[in-house]
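Subject: The structure you asked about

Hi there,

Here is the structure, ready for you to open beside this note. Below it I go through what turned up, one region at a time.

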Amino acid sequence: LQNNQVLGIGSGSTIVHAVHRLAERVKEENLTIVCVPTSFQARQLILQNGLTLSDLDRHPELDVAIDGADEVDSDLNLIKGGGGCLTQEKIVAGFAKCFIVIADYRKKSDNLGEQWKKGVPIEVIPMAYVPVTRALTKNFGGVVELRMAVNKAGPVVTDNGNFILDWKFDKVHEWREVNAAIKMIPGVVETGLFIGMAEVVYFGMEDGSVSVREKPPC
């Protein structure tokens, strides 16, 4: 963290702790930091912690994006979107010079699907969720479920007004190819596969230590 940086602020439970610490450092070190949120939750976190809120209109290029993950494999490929914010998270991460992930030890795996059993979230236009579901199962196998809300009747609706399909895959895939193919299906907005985007991942271990996994050399 350096003075005069523009930061992308991710979503989820882990990020709450990161934003609290960020606010402490801004106050202690008298830093000037601008924050771009990835969701309504992130926006509220920024405001509640007294940080400077901005957006991609005013700051289209970010210095660093910080976010969590549902799972991280040995190549730093991620599954994200358990909280339903995958599209805006990917946009913010994609326009950052450096994308840093923080997660607890339960998110660390060798291959996607080892730890995270809820599938790959896929944001879809509501009118297309049935044909997209059929296309996913036909082309890639597994099981696809429309994510249903807990405290409201009907499906989860994203910050963008879309639905989320959770694709529970049944084998390890070539994720870069699969991600590109899924995004070509009409009606798909974005996937929760973050391929080759993270520079480094910090895992909080059970004993309180931190394990670091960095991007493999080319």
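A quick word on naming before the tour: helices and strands here are DSSP runs, numbered from the N terminus, with at least four residues for a helix and at least two for a strand. Please keep in mind that this is a predicted model.

**The largest pocket**

Let's begin with the open space. The largest pocket has a volume of about 1100 Å³. Its lining is made up of 48 residues, and S11, T14, I15, D67 and G68 are the ones that lie nearest the centre. Which elements build that lining? At least two residues each come from strand 1 (5–9), helix 1 (13–29), helix 2 (40–48), strand 4 (62–67) and strand 7 (96–104). Helix 1 gives the largest share, with nine residues. Sorted by class, the pocket lining holds 22 nonpolar, 16 polar and 10 charged residues.

**The largest cavity**

There is also enclosed space to look at. The count comes to one cavity of 30 Å³ or more, and the volume of the largest cavity is about 40 Å³. Around it you will find T38, S39, G84, C85, L86, T87, Q88, E123, T158, D159 and N160. Helix 3 (residues 86–94) provides the largest share of this lining, three residues. By class, the cavity lining splits into two nonpolar, seven polar and two charged residues.

**The nonpolar cores**

Now for the interior. The largest nonpolar core has 23 residues, and those touching the most other members are I122, V132, L136, W167 and I182. Strand 8 (120–124), helix 4 (129–140), strand 10 (163–168) and helix 5 (175–183) each put at least two residues into this core. The largest share, four residues, is from helix 4. I182 is a handy residue to click on: beyond its neighbours within four places in sequence, I182 is in contact with I122, L136, F140, W167, V188 and T191. Apart from this core lies another, of 19 residues, including V6, A65, A69 and L76.

**Strand 8**

Is strand 8 largely enclosed or left open by the rest of the structure? Five of its five residues are buried, so strand 8 is largely enclosed. In a regular strand, side chains alternate between the two faces of the sheet. Here V120, I122 and V124 point one way, while P121 and E123 point the other way, and all are buried. E123 is also one of the residues lining the largest cavity.

Strand 8 has two partners to look for. Five bridges join strand 8 to strand 10, and the two run antiparallel; in this pairing I122 stands opposite L165. Three bridges join strand 8 to strand 11 (residues 188–191), again in an antiparallel arrangement, with V124 standing opposite V188.

**One more residue: N179**

Last stop: N179, found in helix 5. Is N179 buried or exposed? The relative accessible area of N179 is 11%, and buried means under 20%, so N179 counts as buried. Leaving out residues up to four places away in sequence, N179 touches K90, T191, L193 and I195. T191 is worth a second look, as I182 is in contact with T191 too.

Happy browsing, and do write back with any questions!

Best wishes

Conventions
Residues are numbered from 1 along each chain as its sequence is written. This is a predicted model: local features need pLDDT of at least 70, side-chain atom pairs count only at pLDDT 80 or more; totals for chains, interfaces and linings use all residues. Side-chain values use heavy atoms; hydrogens and water are left out. A nonpolar core is a set of buried Ala, Val, Leu, Ile, Met, Phe, Trp, Tyr and Cys residues joined through side-chain atoms within 4.5 Å. Buried means under 20% relative accessible area, exposed over 50%, partly exposed in between (1.4 Å probe, protein chains only). Contact means heavy atoms within 4.5 Å. Two strands pair if DSSP finds at least two bridges between them. On a 1 Å grid over the protein atoms alone, a cavity is a set of points where a 1.4 Å probe fits but cannot get out, and a pocket is an open set with protein on both sides within 12 Å along at least five of seven lines; lining residues have an atom within 4 Å of a point. Grid points are joined across faces, edges and corners, and a volume is the space filled by probe spheres set on the points. Ala, Val, Leu, Ile, Met, Phe, Trp, Tyr, Cys and Pro count as nonpolar, Asp, Glu, Lys and Arg as charged, and the others, Gly among them, as polar.
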